[in-house]
Amino acid sequence: MKDKKILKMTEKILNKYQLCDCCLGRLFRQIEIGKPNKQKGESIRNNLKFDKKIIPRDCWLCEGLLDETEHFANLVSDAVKEYEFDTFLIGSKIDEDILKREEELWDFIKTEDAEPIKMEINREIGKILEKKLEKTVDFETPDIMAVVDTAFDVVNLQIKSLFIYGRYKKLKRGFPQTKWPCRICRGRGCRACNYTGKMYDTSVEELASNKALDQTRGTNESFHGSGREDIDALMLGNGRPFVLEIKNPKIRSIDLSLYEKKTNTYAKDKIEISNIRFSVRDEIVRIKSSEFRKTYSVILEGEKPLNKEKLKEVAQILQGKKIKQLTPTRVAHRRAEKVRERKIYNCDIESVEDNIARITIETESGMYVKELISGDNGKTKPNISEMIGIPCKVKELDVIKIKGE
Ligand SMILES: [Zn+2]
Ligand SMILES: [Zn+2]
């Protein structure tokens, strides 16, 4: 490196600040691109006058931090020991004093060409670990992000969640899709919830995640369903799509067929999962926003005996109709009051006996079916009770098919 301008500038810097080769080389990003900063620094220094050739024992800027990359790499490899991963990324938290001195130096030589010390530290630790652990640095979506706090020798890990896609059937009534914390104690446990912290003993979420948490040794999970059925409804047919997010998994390469088998034994007669495969975070948005058509089997009960012909007539009229629904009374406490409009694709009367009728309804996703039957005091219009002139309510409601996918 014999560029006169750079050598002159280096003399000026070294007259004021003692720098190690790394900290010197880092000031000139544009020269000898691709070479490590240490080599850049060396090659500049070799062309300086004799008294500037000596490498200072204490670098004014980094105070020897760059000699510690091996040590930081060891800290990280220790911290990630328990985790299975293919890709990683290193981040760091550098002492404020060092960052201040770096700014001061940049101001002094008025450069915008310098590489920040943080970048060099991250890169060098990454390089050591790629070799040592035989893993790859990934800037986009690493399995593990390790942030080294250089002042305190602490490593903080962020583990990428593991996502599992599947479909579930719910074969028993009386439990919700997701965990429902006790309303009184909000999950801490109290007398009302028998110290379980929950409103219900179990949920689809708990049944579907139990074995996955075992296998991955994750810390907790999140369950994302493509819509949800009511607590007292079954979910039958081809099942409802879901994505299970396992947080902080220690093992990522689990045997999914084993997970499916174990879960279906564990949750026997309650839920059944199928179509299991690995997934990605983006799929949550997809299954949540997808407009899957739903087919319901409904048993409705009238206050008086029902007329089959009248019901059939009404079913005919509802075919293709858009239903306006103001937020139902039963969910109004947790949702904003607004009108939503959903379409009925099909409505078939299967059987009528006295004041009980069984009907099949295919609707756009998001329809409040119970309210379509009862009318919810006029909040849903049109509604079956009003159309047949007999107040009705839902006795049983099951999802028998979810279209799409
Ligand atoms: Zn230095
Ligand atoms: Zn409680």
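In this predicted model, Leu89 stands opposite Met145 of strand S3. A second pair along the two strands is Gly91, which stands opposite Val147 in S3. Strand S1, residues 87-93, and S3 pair in the parallel sense, with 6 bridges between them.

On S3 there is also a pairing with strand S4, residues 154-159; these two run antiparallel and are joined by 6 bridges. Ile144 has Ile159 of S4 as its bridge partner. S3 and S4 form a hairpin with 4 residues between them. One residue in that turn, Asp153, has a positive phi of about 55 degrees.

These strands belong to an open sheet of 4 strands, in the order S2-S1-S3-S4, with mixed pairing. Strand S2 (136-137) and S4 are at the edges and have a single partner strand each, so one side of each has no neighbour in the sheet.

The two faces of S3 can be told apart residue by residue. In a regular strand, side chains alternate between the two faces of the sheet. Along S3, residues 144-149, Ile144, Ala146 and Val148 point to one face and are buried. Met145, Val147 and Asp149 point to the other face and are not buried.

Two helices can now be placed against these strands. Helix H5, residues 69-79, lies across S1, S3 and S4 and runs at about 135 degrees to S3. Helix H7, residues 117-133, packs on the sheet and touches S1, S2 and S3. The direction of H7 makes about 145 degrees with that of S1.

Which residues of H5 are buried? They are Thr69, Phe72, Ala73 and Val76. These residues are on the same side of H5, because they cover an arc of only 100 degrees around the axis. The general background is that an α-helix has 3.6 residues a turn, so residues three or four places apart point the same way. The buried residues of H5 are covered by elements including S1, H7, S3 and S4. On the other side of H5, Glu70, His71 and Asp78 are exposed.

The elements described up to this point fall in the first part of the chain. The protein chain is divided into domain 1 (4-159), domain 2 (162-289) and domain 3 (294-402). Between domain 2 and domain 3, the C-alpha centres lie 28 Å apart. Their contact takes 10 residues from domain 2 and 7 residues from domain 3. On the side of domain 2 that touches domain 3, there are 4 nonpolar, 3 polar and 3 charged residues.

The next stretch to follow is strand S9, residues 294-302. Its covered face carries Lys294, Tyr296, Val298, Leu300 and Gly302, and its uncovered face carries Thr295, Ser297, Ile299 and Glu301. S9 has antiparallel pairings with two strands. With S12 the pairing extends over 8 bridges, and Lys294 stands opposite Thr363 in S12. With strand S14, residues 392-402, S9 pairs over 9 bridges, and Ile299 stands opposite Glu396 in S14.

Helix H11, residues 308-318, has the buried residues Leu311, Val314, Ala315 and Leu318. They are on the same side of H11, because the arc they cover around the axis is only 105 degrees. The buried residues of H11 pack against strand S11 (339-353), strand S12 (356-363) and helix H13 (384-388). S12, the partner of S9 in the antiparallel pairing, is thus one of the elements that meet the buried residues of H11. The face of H11 turned away from its buried side carries the exposed residues Glu309 and Gln316. After H11 comes Gly320, whose phi is positive, near 80 degrees.

A last residue to look at is Glu371, in helix H12, residues 369-374. Is Glu371 buried or exposed? Glu371 is buried, because 24 other C-beta atoms lie within 10 Å, and 20 or more is the criterion for a buried residue. Apart from its neighbours within four places in sequence, Glu371 is in contact with Gln325, Pro328, Asp376, Lys379 and Thr380. Val394 is 23 residues from Glu371 along the chain, and the C-alpha atoms of the two are separated by 8.7 Å.

Technical notes. Residues numbered from 1 in each chain as written. Chains lettered and ligands numbered in written order. Predicted model: local features only at pLDDT ≥ 70, side-chain atom pairs only at ≥ 80, totals over all residues. Buried ≥ 20, exposed ≤ 12 C-beta atoms within 10 Å, placed from the backbone. Pairing = 2+ DSSP bridges. Domains from an automatic or database assignment. Contact = placed C-beta atoms within 7 Å. Nonpolar A, V, L, I, M, F, W, Y, C, P; charged D, E, K, R; others polar. Arc of directions from axis to C-beta. Axes fitted to C-alpha atoms, helices over the stretch in contact; angles between N-to-C directions.
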